[in-house]
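The exercises below are to be worked with the sequence and the model at hand. Each task is followed by a solution in steps.

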Amino acid sequence: MKTIALLFTVFAGLPTLAKAAEIPAPVQEVMDATVNNWSGDDIEWVDIFDPGKLDTRYSKDFAAKYREAAKHPAVDDGISPFDYDVIVNGQDACPLEDLKLTPQKTVDGQDEVVASFRKMACGEGEEAQAVSTVRFEMATEGGKAVIDDIMLEDPETKATSSLKATMDEIAKGQ
């Protein structure tokens, strides 16, 4: 009887392990860097759009849009076309809490990963409890999963916006 209970316990954990294995490496790398960046530790900021990773982590289309947008940076720091962290969708955050990465299919059958987390957990009130959501739309290029777009959710309106569309606007100087 103990053997059956032990086997049930082992097999009951397998779906969770299988789910973890489904997170594409580029999404895991971006989220690991974001957690690191907002950890509160005195460490060097990790650029999720590092030129060395731009062509391996993101689709060709995404990388091209990023490079074009980078010609018109929001802040003249030579680092990024954005003046905010695109994953936490803001300039301020606490160490991320309750991070969940969920692979799923879109209505059109495309792969995506939904990341949810609390970015202001060190705050107070409703802001501390608010859950942020980011969707990573995936593509396959050269036989590898790559990030094709990052969909950001407005915390107040719950409307989503495409980072590729934002980069197009930045490239136009808008």
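Contact here means heavy atoms within 4.5 Å. The model is a predicted one.

**Exercise 1. Overall make-up**

Task: State how many helices and strands the protein has, and in which pattern they follow along the sequence.

Solution.
Step 1. Counting the elements gives 6 helices and 5 strands.
Step 2. Along the sequence they are arranged as α-α-α-α-β-β-α-β-β-β-α.
Step 3. The chain has 174 residues, of which 35% are buried. The exposed surface comes to about 10400 Å², with 54% supplied by carbon and sulfur atoms.
Step 4. Among contacts with a separation of 6 or more, 48% are made by residues 24 or more positions apart.

**Exercise 2. The buried face of α6**

Task: Determine which residues of α6 are buried, and where they lie around the helix axis.

Solution.
Step 1. The cut-off for buried is under 20% relative accessible area. In α6, residues 163-171, this holds for Leu163, Lys164, Met167, Ile170 and Ala171.
Step 2. Viewed down the axis of α6, these buried residues fall within an arc of 115 degrees, so they line one face of the helix.
Step 3. The spacing can be set beside a general rule. An α-helix has 3.6 residues a turn, so residues three or four places apart point the same way.
Step 4. The elements against which the buried residues of α6 pack are α4 (60-70), β4 (144-153) and β5 (160-162).
Step 5. The two ends of α6 remain. At its start, a side-chain oxygen of Ser162 comes within 3.2 Å of the backbone nitrogen of Lys164. After the helix comes Gly173, with a positive phi near 85 degrees.

**Exercise 3. The pairing of α4 and α6**

Task: Identify the buried residues of α4 and describe how α4 crosses α6.

Solution.
Step 1. Phe62, Ala63, Lys65, Tyr66 and Ala69 are the buried residues in α4.
Step 2. Down the axis of α4, the buried residues fall within an arc of 165 degrees, so they too line one face of their helix.
Step 3. The cover over the buried residues of α4 includes α3 (51-57), β4 and α6.
Step 4. The axes of α4 and α6 come within 8 Å and cross at roughly 35 degrees. The crossing is left-handed.
Step 5. From α4, the residues that take part are Asp61, Phe62, Lys65, Tyr66, Glu68 and Ala69; they meet Leu163, Lys164, Met167, Asp168, Ile170 and Ala171 of α6.
Step 6. Compare the lists. Phe62, Lys65, Tyr66 and Ala69 are buried and also meet α6.

**Exercise 4. Two residues with positive phi**

Task: For Asn89 and Asp98, find where each residue lies and how far each is exposed.

Solution.
Step 1. Start from the general case. Most residues other than glycine have a negative phi.
Step 2. Asn89 is not a glycine, yet its phi is positive, about 55 degrees. Asn89 sits in the loop between α4 and β1 and is partly exposed, at 29% relative accessibility.
Step 3. Asp98 is likewise not a glycine and has a positive phi of about 55 degrees. Asp98 belongs to strand β1 and is partly exposed, with a relative accessible area of 46%.

**Exercise 5. Contacts of Cys94, Ser132 and Gln110**

Task: Decide whether Cys94, Ser132 and Gln110 are buried or partly exposed, and list what each contacts beyond four places in sequence.

Solution.
Step 1. Cys94, in the loop between α4 and β1 (97-105), is buried, with a relative accessible area of 3%. Cys94 contacts Trp38, Lys119, Met120, Ala121, Cys122 and Gly123. Its C-alpha atom is separated by 8.5 Å from that of Arg118, 24 residues apart along the chain.
Step 2. Ser132, in strand β3 (residues 132-141), is buried at a relative accessible area of 15%. Ser132 contacts Ala115, Ser116, Phe117 and Lys119.
Step 3. Gln110, in the loop between β1 and β2 (111-118), is partly exposed, at 44% relative accessibility. Gln110 contacts Gln104, Lys105 and Met138. The C-alpha atoms of Gln110 and Ala139, 29 residues apart along the chain, are separated by 7.8 Å.
Step 4. Compare the lists. Lys119 is in contact with Cys94 and with Ser132.

Definitions and conventions
Residues are numbered from 1 along each chain as its sequence is written. This is a predicted model: local features need pLDDT of at least 70, side-chain atom pairs count only at pLDDT 80 or more; totals for chains, interfaces and linings use all residues. Side-chain values use heavy atoms; hydrogens and water are left out. Buried means under 20% relative accessible area, exposed over 50%, partly exposed in between (1.4 Å probe, protein chains only). Helices (H or I, at least four residues) and strands (E, at least two) are DSSP runs, numbered from the N terminus. The arc is that of the directions from the helix axis to the C-beta atoms. A polar contact is a pair of N or O atoms within 3.5 Å; within protein, one must be able to donate a hydrogen and the other to accept it, and residues adjacent in sequence count only if both atoms are side-chain atoms. Accessible areas come from the Shrake-Rupley method with a 1.4 Å probe; for residues, only the protein chains shown count as cover. Axes are lines fitted to C-alpha atoms, for helices over the stretch in contact, and angles run from 0 to 180 degrees between N-to-C directions. A crossing is left-handed if the near helix is turned anticlockwise from the far one by less than a right angle, and right-handed if clockwise.
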